[in-house]
Amino acid sequence: QTARIEAQSVTLRNSRGIAFSNAPALAGGVVPAPGDGALQVAGQTVSLGDGAVEVKGFNNATIAAQRELLAAGEGALNTTGSLHVAATRIAAAPGADYAIAVASGAFSTALPAVSATGPAAAGLGGQLNVTAPTINHAGYFDLPSGVLELKATGAAGADGQGSVTLAAGSQINTAGRTEQFFDVGVPTRGGAVALSSANASVVIGANALVDVSGADGADAGALSIRAANGSAQIDGILKGGANPGGAAPRQGEFVLDVATLVNFNQLNQLLNTTTDGAGRIVSGGFTESRDIRVRSGDVSIGTTADPNVTVTARRFQLAADNGDIDVYGTINASGDKGGQVTLLAGRGANPDAGDVMVHGGARIAAHGAEAVAAPFGTRGEGGRVMLGSAAGGGQVNIAAGSPINVAGAGAA
């Protein structure tokens with residue numbers, strides 16, 4: 001059985017805060033059991049307003065919004081079964097703070113068969129939090145300068161169960177943009193995206209886009225990926241840069257916490273800055289800070305066969321809880337003011353783990369480069385490097401011909 005709600009515009013809200021109640025008892029005191037059918041909500045625009053809306057008695061629910069699904073208030077949509085959203089975009093109004101929670105099954109998105117053309121620019125600064133046992137995103141989240149959290153809480157299983165999966169070609173946009181106020185354009189900073197799986201993995205498919213870049217002259221935002229009991233497979237396009245626009249903005253920040261990481265160097269390539277012929281950042285740009293934790297296994301920056309790998313970040317922290325860290329390439333945290341580099345190797349179940357090895361030809365740079373005529377504040381200050389090995393036998397080995405530079409800048 002299917003229940004269907006359809007109109008040009010549909011709004012789901014509970015602004016009066018009315019609590020959900022089950023069907024009343026029948027004659028003889030028998031309470032009807034919850035249904036197990038399907039719910040369909042369809043419209044050009046489907047809005048989620050203030051208050052908590054409960055969807056119960058359906059094994060699955062579908063929201064089909066030809067133009068957009070819009071989180072337009074402070075509230076929540078809670079479903080007992082799976083929820084599928086087919087919309088040209090999923091957006092949030094300015095100031096919106098909305099949560100979608102799926103108790104069983106999956107939360108999934110897709111573009112409609114025919115997408116709407118030319119929708120108005122999405123509002124700035126909205127927040128949307130989605131929690132479900134499994135999350136499969138194949139559509140378009142559009143929250144400029146906003147915050148999006150996708151959390152998978154289910155057990156790991158076949159076909160991506162328990163994972164957060166961004167399908168090939170999907171998009172998440174929390175980038176900043178230039179807002180026009182009369183004759184003045186004001187750039188806005190990039191927003192934040194957080195992807196997490198409690199028991200499985202985070203997968204970003206080929207050509208899937210996650211964009212937290214800032215508008216020209218505004219700071220970039222942040223991307224965090226957490227899969228403490230799984231891995232991160234990242235094959236998409238990550239944007240976290242900030243091009244100058246009359247100011248020197250901060251670049252993007254990146255956090256990764258995973259049980260295992262197959263290829264650090266592939267990830268590093270996606271995070272480093274790529275520019276076009278005019279010198280504008282077109283991908284990567286996560287060079288303000290990187291905080292990477294790998295709970296099991298070794299991590300190698302470059303290899304003996306290919307040492308030409310450079311990590312570029314003003315603050316770079318790498319922890320291998322139960323593994324070795326090998327540096328064959330370059331870690332560059334230098335800048336006008338020196339940056340920070342921290343490499344920490346631990347020893348868990350593996351008694352041979354816990355070494356930090358800086359191999360010959362490798363280089364760690366955290367020096368200050370801004371020459372100043374006279375000391376002033378922290379301008380030109382040198383940086384900091386910390387190398388730490390496991391207690392009870394771990395080693396830090398810095399080979400000959402592998403310089404570490406934390407010097408301050410010389411006088412102009």
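Buried means under 20% relative accessible area, exposed means over 50%, and partly exposed lies in between (1.4 Å probe, protein chains only). The model is predicted: local features need pLDDT of at least 70, side-chain atom pairs count only at pLDDT 80 or more, and totals for chains, interfaces and linings use all residues. Residues are numbered from 1 along each chain as its sequence is written, and side-chain values use heavy atoms, with hydrogens and water left out.

**Exercise 1. The chain as a whole**

Task: State how many helices and strands the protein chain has, and what percentage of its residues count as buried.

Solution.
- Step 1. Take helices (H or I, at least four residues) and strands (E, at least two) as DSSP runs, numbered from the N terminus. The protein chain then has 1 helix and 38 strands.
- Step 2. Apply the burial cut-off. Of the 412 residues, 47% count as buried.
- Step 3. Add the extent. Along the principal axes, the C-alpha atoms fill a box of roughly 85 × 60 × 35 Å.
- Step 4. Turn to contacts, meaning heavy atoms within 4.5 Å. Among contacts with a separation of 6 or more, 68% are between residues 24 or more positions apart.

**Exercise 2. Aromatic pairs**

Task: Find the aromatic pairs, and give the geometry of F254 with F286 and of F264 with F316.

Solution.
- Step 1. Choose the descriptors. A pair of aromatic rings is described by the distance of the centres and the angle of the planes.
- Step 2. Set the rule. Rings of Phe, Tyr and Trp (its six-membered ring) pair if their centres lie within 6.5 Å; planes under 30 degrees apart count as stacked, over 60 as edge-to-face and the rest as tilted. The count comes to 2 aromatic pairs.
- Step 3. Take F254 and F286. Their centres are 6.1 Å apart and their planes make 70°, an edge-to-face pair. This pair links distant parts of the chain, 32 residues apart: F254 is in strand β24 (residues 253-260), and F286 is in the loop between β26 (281-283) and β27 (289-294). Both F254 and F286 are buried.
- Step 4. Take F264 and F316. This pair is also edge-to-face, at 6.4 Å centre to centre and 65° between the planes. F264 lies in helix α1 (residues 264-271) and F316 in strand β30 (residues 315-320), so the pair ties together parts 52 residues apart in sequence.
- Step 5. Check burial. F264 has a relative accessible area of 6%, so it is buried. F316, at 2%, counts as buried too.

**Exercise 3. D257 in strand β24**

Task: Is D257 buried or exposed, and which side chain does it join in a polar contact?

Solution.
- Step 1. Place D257: it is in strand β24.
- Step 2. Read its accessibility. The relative accessible area of D257 is 10%, so D257 is buried.
- Step 3. Look for a polar contact, a pair of N or O atoms within 3.5 Å; within protein, one must be able to donate a hydrogen and the other to accept it, and residues adjacent in sequence count only if both atoms are side-chain atoms. The side chains of D257 and R295 are joined by one of 2.8 Å.
- Step 4. List the wider surroundings. Beyond four places in sequence, D257 is in contact with I225, R226, A227, A228, R293 and R295.

**Exercise 4. Loop residues S145, T188 and N207**

Task: Give the phi values of S145 and N207, and find the side-chain link between T188 and S145.

Solution.
- Step 1. Recall the background. Most residues other than glycine have a negative phi.
- Step 2. Take S145, in the loop between β13 (140-142) and β14 (147-152). Its phi is positive, near 55°.
- Step 3. Take N207, in the loop between β20 (202-204) and β21 (209-211). Its phi is positive as well, about 65°. N207 counts as exposed, at 56% relative accessibility.
- Step 4. Take T188, in the loop between β18 (184-187) and β19 (192-197). T188 is buried, at 15% relative accessible area. A polar contact of 2.8 Å joins its side chain to that of S145.
- Step 5. Extend the list. Contacts of T188 outside four places in sequence include L124, G176, R177 and G214.
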